[in-house]
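Colleague: Could you take me through the metal site in this model? I would like a close look at that part, and a word on the aromatic rings as well.

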Amino acid sequence: MFCDFYGEVVENSPRLNSGHQSNWHSFTVTDYTENPALRESDADTINSNNIVGRRVIKCDAWDINAGPSRALPPGTLVFIRNCFVTEWDNTIELKVRADPQFPDKTSEPAPESPAPPINPRASSVPLVHTEPDPVALVEPEPELESIFQSPTVIRFPNRPITPIKEVMGFPKPIWKFRIRARVVACAPVELERFVRIYCHNCQEGATPTPDLAQNGTVVCPGCASVLPDSQYVYSFSMLLEDSSGDRLRVIAYGRDAAQFLPGLAPTNMHSNNATRQSLAQRLGKILPPSITCKWHQTGPKRHRKGTQSAMSTPAPWFDCCIKSYEVEIVGELVRRYQIFGTSLT
Ligand SMILES: [Zn+2]
């Protein structure tokens with residue numbers, strides 16, 4: 001089957017192209033459709049946009065299309081024409097080959113061309129920057145400074161609050177800010193995946209699974225070396241929104257994330273239900289009920305009994321410190337934001 005595809009580049013990295021020849025380049029794309037026929041295990045691959053698993057398809061660009069596709073950073077909207085679609089082992093691949101009549105098939109759409117309706121689907125996916133919905137715009141401002149009580153304790157309580165719009169447009173790439181925001185979404189979706197275990201030998205992180213620990217010992221899936229509990233790290237992100245409706249994805253990782261969740265050392269939550277419950281309860285102080293209800297077994301039942309309004313309650317405002325930095329992705333510097341100096345108590 002041949003088709004045209006309109007969507008966003010998810011990942012474009014050397015990881016997808018090891019051993020490839022110069023006339024062939026692979027990258028992954030999404031149009032935010034979730035396809036149940038795709039492989040769930042692909043969700044283990046955390047890419048820079050946190051779009052995973054059943055929403056992602058692979059694209060192989062051949063010949064004249066290989067070169068331009070190398071230069072497409074994640075997040076770029078692409079229009080790929082006349083792809084041959086293959087389905088194999090629960091993955092879908094688009095093959096783009098040179099065509100004598102239309103040699104160049106992978107392009108960024110021209111600014112004046114009307115964009116197909118990708119946004120309605122994107123808005124249902126966590127961690128994608130979308131337009132604020134109209135409700136958010138008419139909601140009241142966060143409470144006045146004098147009576148506002150954040151559920152967090154921060155290292156710089158006297159630093160002025162910076163609006164997210166200014167954070168994103170700040171001229172210096174490395175900086176520290178205090179922001180006041182609320183959580184709109186977080187990733188991964190499952191609480192068990194908020195933790196990874198890191199192997200110094202492989203320089204790789206693995207997502208804990210129910211059977212990762214055998215006889216109480218965790219063994220690296222890559223090199224079989226024994227990994228001590230101290231090598232569990234928190235690794236998750238939250239999409240934050242401020243009172244202007246501007247949104248920013250903030251990463252919680254490592255020591256800073258452990259400080260964010262004091263007293264809750266990262267562990268395999270498949271085998272440590274007490275920590276799992278405590279973590280769900282702690283994060284419940286700042287996450288919207290629509291997210292945390294999925295982490296409690298009673299959640300879906302309550303939902304069905306008609307607590308729809310409680311489910312759509314927005315999350316509370318909280319203060320946090322974030323630091324910005326830059327990472328290089330396919331030759332482009334991309335700015336990232338990480339939470340630090342903040343404790344949710
Ligand atoms: Zn290893």
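Modeller: Happy to; here is the metal site, followed by the aromatic rings. Please keep in mind that this is a predicted model. The zinc ion is held by four sulfur donors, the SG atoms of C199, C202, C220 and C223, at 2.2 to 2.4 Å. The angles among these 4 donor atoms run from 102 to 115 degrees, and the site is tetrahedral. For reference, the ideal angle for four tetrahedral donors is 109.5 degrees. Along the chain, the donors follow the spacing C-x2-C-x17-C-x2-C. Distant parts of the chain are linked here: C202 sits in the loop between β9 and β10 (204–206), while C220, 18 residues away, sits in the loop between β12 (217–219) and β13 (226–227). C202 is partly exposed, at 26% relative accessibility, whereas C220 is buried, at 7%.

Now to the rings. The model has 8 aromatic pairs. One of them joins F194 and F236: their ring centres are 4.5 Å apart and their planes meet at 25 degrees, under the 30 degrees that stacking requires, so the pair counts as stacked. This pair also links distant parts of the chain, with F194 in the loop between β8 (175–187) and β9 (195–199) and F236 in strand β14 (residues 232–241), 42 residues apart. F194 is buried, with a relative accessible area of 1%, and F236 is buried too, at 3%. Together with Y234 and W295, F194 and F236 form one aromatic cluster.

Methods:
Residues numbered from 1 in each chain as written. Predicted model: local features only at pLDDT ≥ 70, side-chain atom pairs only at ≥ 80, totals over all residues. Heavy atoms only, no water. Phe/Tyr/Trp six-rings, centres within 6.5 Å; stacked < 30°, edge-to-face > 60°. Helix = DSSP H or I, 4+ residues; strand = E, 2+ residues; numbered from the N terminus. Buried < 20%, exposed > 50% of the residue type's maximum accessible area, 1.4 Å probe, protein only. Donors = N, O, S within 2.8 Å, 3.2 Å for Na, K, Ca; no water. Tetrahedral: all angles 85-135°; square planar, octahedral: opposite > 155°, others 65-115°.
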